[in-house]
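Biologist: Could you walk me through this one? I'd like to go from the core to the interface and then to the charged pairs.

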Amino acid sequence: MALARYIGRKVAWTLVVFVVALLLNFLLPRLIPGNPVDTIVGQLAQGGGAGGEQLQQIHEQYMKEFGLDKPMWQQFFIYVGNVFQGDLGTSFAQYPASVNTLIAQALPWSIAIMLPAIIVGWIVGNLLGAVAAFKGGWLDRGAFIGSLFLSSVPPFALAIILLFLVAVKGGILPVGGAYSFGLTPEFSLAFFGDAITYWWLPFWSLVLVYIGGQAVGMRSMAIYELGSDYVNYNRGLGVKEGHTVRYIFRNAMLPQFTGLALSIAALITGGLITELVFSYPGLGSLLFAAIGQNDYPVISAITLLITIAVLIANLAADILTGFIDPRIRAVQSGER
Amino acid sequence: MSLRGLSPRFWVAAVLVAFVVLVGLIGPLIVSTNPDATVGGLYEEPRCCGPLILGADNEGQSVISNLVYGTRTSLIIGLVAGLIGTAIGLLVGLVAGYRGGWIDDVLSAIVNVGLAIPVLVIIILVSVSLPKRNLYTLALVIGFTAWFWVARAVRAQSSSIRTREHIDVAKLSGAGFWSILRRDVLPYLLSYVVMACILQISGAILFESTLSMLGLGASNTTSLGTMLYWAIQWGSVRTGAWWAFVPPTFMLTLIVFSLLLLQSSLNEVFNPRLRRGRAARKKAVKEGTELGTPIEAGDAGPVGTEGILESPVSAGRDR
């Protein structure tokens, strides 16, 4: 029962945050002085990308889509309605194309490098951190300085250096993009074999940074646990080290588990730039192109998508922590 | 705190930070070349002595000159944004944690919402909406959006201090709300605030470079991020013009790494429990100082624990 209440509270909270995120996504573009559609279409005209008649058409389309002739609160509901119907609008820069199509093309590539990086990085990083903390000595010193360095290297810096050394100088892996010229994305072994050579470098540059961050966190947790009373008590009782380590590991694990969800935001941020460096055709490259062209619907769709991904990850971690750690349930349901 | 207690790690970090600050402060005075002047050809190779010691970038501008001015810009943005973020976070956290009640509820709700939405998303949305972007608007945007985790950490600590006896003594002696906050609560958090500020600065520098690489950088100033933006835009990595992208990458890494190293070594100084149990105890016994450490550390339980639980994780997270 306590668990159900705990989950219910977390779900409600996530919904509140989601509404705030929607509000931000809706309000901020409207803070541009004047009518956003006029401003944006004006910028399009300055860029010389589109002719007069086309501009007129674009203008009308957006006035209708944003509902700019209506009062603000109605506009918001139009926006929310569209989002909930899965309609993210129409791209400014690639005019007739819908944002949904653009996102659908980019999203799988982003997921393909980020999801494995998160899973592999989290597991390896935590193991490394725990072992380093427990063994101590040169292993700890080496692993700690190494991890600290990796975690504080900006992800894109590692990406740039890897790209230069491995692909440009070494010629071992292809330089950029996601698959060889002339191929089209399809579910076949040949395409997969080709795409994976392009996948390695972005994956490694993300996962190395992530391993570093997790290892540093886990090491601190484990060292903190190593000095706690129950460990000393166990030592005094002569309990086998291996037995104590299990407790240490489980206690140190919990914050890391919540950290997994929170670090996803950082990983996505790093991933966006990593894609840029490798010209990987994911959300990062799409966002970059959209910013360059003032393609507001695309930008706002991507920011919304990132927010949703992070919110879902947080919620999942909260719920799972509730299952794993009975203390959290007890505290949450006892409080307020 | 005596200087002897500082670890070698601290000194390494301090020297690195000092080096970066020197590059940003004195570099522009030594390298007199205007970073916007064309002094060479497209990606001209480095040659000894003069403005082309690190070659030229895609516009034929001197890379070394861009590098020192860019370092200065990045440091200014980091400092301004970091200080603003820490100040807001500190104020909100102190008031929420010490006051409690409905003020705490409201402020905590705001902070939790802010923490749940990725900072970069807010920064991108605000920067896109800004009609003009320069160095200081960028710093302001980053400072005003990236303070939530500071507020949460400070709140956790100040609410634990609220129940201590010396606060009651201060209240009985008639001290006002702000006076208690300043003189009876803040000193307990000061070490933590210093560390949070360092993290904020390095985070802000990273945000700036991320934004610049996405094309949302300051339009009129060179920063390390804008250098990388142009290097990637013009395919310098692909053509092998390493002098265009290695210096800014190296500089950014150095800045962020040295700041994080500084933070983590300070953390070990301020949180004795983070030090390796055996080694620290042996050291304490040998030096004949700090014999009271275990008891004191136990006494400082709530604050110390919160600091440990919050800082190492959020250090990795906040970016």
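**Core, interface and charged pairs**

Modeller: Let's start inside chain B: leaving aside residues up to four places away in sequence, Val185(B) touches Leu94(B), Tyr98(B), Ser158(B), Ile161(B), Ile167(B) and Ile180(B). Keep in mind that this is a predicted model.

Biologist: Which residues touch the most other members of the largest nonpolar core?

Modeller: Val185(B), the residue we just looked at, is one of them. The core has 168 residues, and the ones touching the most other members are Phe156(A), Ile124(B) and Val185(B).

Biologist: And which helix gives the largest share of this core?

Modeller: The largest share is 19 residues, and these come from chain B. The helix in question spans residues 177-213, which makes it helix 8 of chain B.

Biologist: How many residues are in the second, separate core?

Modeller: Its members include Val92(B), Val111(B), Trp147(B) and Phe148(B). That core is separate, and its full count is five residues.

Biologist: Let's move to the chain contacts. What is the area buried between chain A and chain B?

Modeller: On the contact side, 64 residues of chain A meet 53 residues of chain B. Carbon and sulfur atoms give 75% of the buried area. The total comes to about 5,200 Å².

Biologist: What is the count of salt bridges between chain A and chain B?

Modeller: Polar contacts first: the count of residue pairs, both at pLDDT 80 or more, is zero between the two chains. For salt bridges between chain A and chain B, the count is also zero.

Biologist: Which helix gives the largest share of the side of chain A that touches chain B?

Modeller: Several elements give two or more residues to that side, among them helix 1 (2-30), helix 5 (99-135), helix 8 (189-226) and helix 10 (241-277) of chain A. By class, the side has 45 nonpolar, 16 polar and three charged residues. The largest share is twelve residues, and it comes from helix 10 of chain A.

Biologist: Staying in helix 10 of chain A, is Thr269(A) buried or exposed?

Modeller: Thr269(A) sits in that helix. A polar atom of its side chain lies 2.7 Å from the backbone oxygen of Ala265(A). The relative accessibility of Thr269(A) is 9%, and the cut-off for buried is under 20%, so Thr269(A) counts as buried.

Biologist: How many helices does chain A have?

Modeller: Chain A has zero strands, so to speak of its pattern is to speak of helices by definition. Of its 336 residues, 49% count as buried. Among contacts in chain A with a separation of 6 or more, 73% are between residues 24 or more positions apart. The number of helices is 13.

Biologist: Now the charged pairs. How many salt bridges are there over all chains?

Modeller: As a general point, side chains of opposite charge can pair when their charged atoms come close. A search of the whole structure finds three.

Biologist: Which residue forms a salt bridge with Asp318(A)?

Modeller: The pair links helix 12 of chain A, which holds Asp318(A), to helix 1 of chain A, with the two positions 308 residues apart in sequence. The closest N and O atoms are 3.8 Å apart. The partner has a relative accessible area of 17% and is buried. That partner is Lys10(A).

Biologist: Which residue meets Asp140(A) in a salt bridge?

Modeller: Asp140(A) is in helix 6 of chain A, and its partner, 79 residues apart from it, is in helix 8 of chain A. Both residues are buried. The N to O distance is 2.7 Å, and the partner is Arg219(A).

Biologist: In the pair Arg155(B) and Asp104(B), which residue is buried?

Modeller: These two form a salt bridge, with the closest N and O atoms 2.7 Å apart. Arg155(B) lies in helix 6 and Asp104(B) in helix 3 of chain B, so the pair ties together parts 51 residues apart in sequence. Arg155(B) has a relative accessible area of 24% and is therefore partly exposed. The other residue is at 6%, so the buried one is Asp104(B).

Biologist: Last one: is Val39(B) buried or partly exposed?

Modeller: Val39(B) lies in the loop between helix 1 (8-30) and helix 2 (63-99) of chain B. Its contacts beyond four places in sequence are Thr33(B), Leu52(B), Gly60(B), Gln61(B) and Ser62(B). At 32% relative accessibility, Val39(B) counts as partly exposed.

Terms used. Residues numbered from 1 in each chain as written. Chains lettered and ligands numbered in written order. Predicted model: local features only at pLDDT ≥ 70, side-chain atom pairs only at ≥ 80, totals over all residues. Heavy atoms only, no water. Helix = DSSP H or I, 4+ residues; strand = E, 2+ residues; numbered from the N terminus. Buried < 20%, exposed > 50% of the residue type's maximum accessible area, 1.4 Å probe, protein only. Contact = heavy atoms within 4.5 Å. Core = buried A, V, L, I, M, F, W, Y, C linked by side-chain atoms within 4.5 Å. Buried area = accessible area lost by both parts, 1.4 Å probe. Salt bridge = Lys/Arg side-chain N within 4 Å of Asp/Glu carboxyl O. Polar contact = N/O pair within 3.5 Å; in protein donor to acceptor, adjacent residues only side chain to side chain. Nonpolar A, V, L, I, M, F, W, Y, C, P; charged D, E, K, R; others polar.
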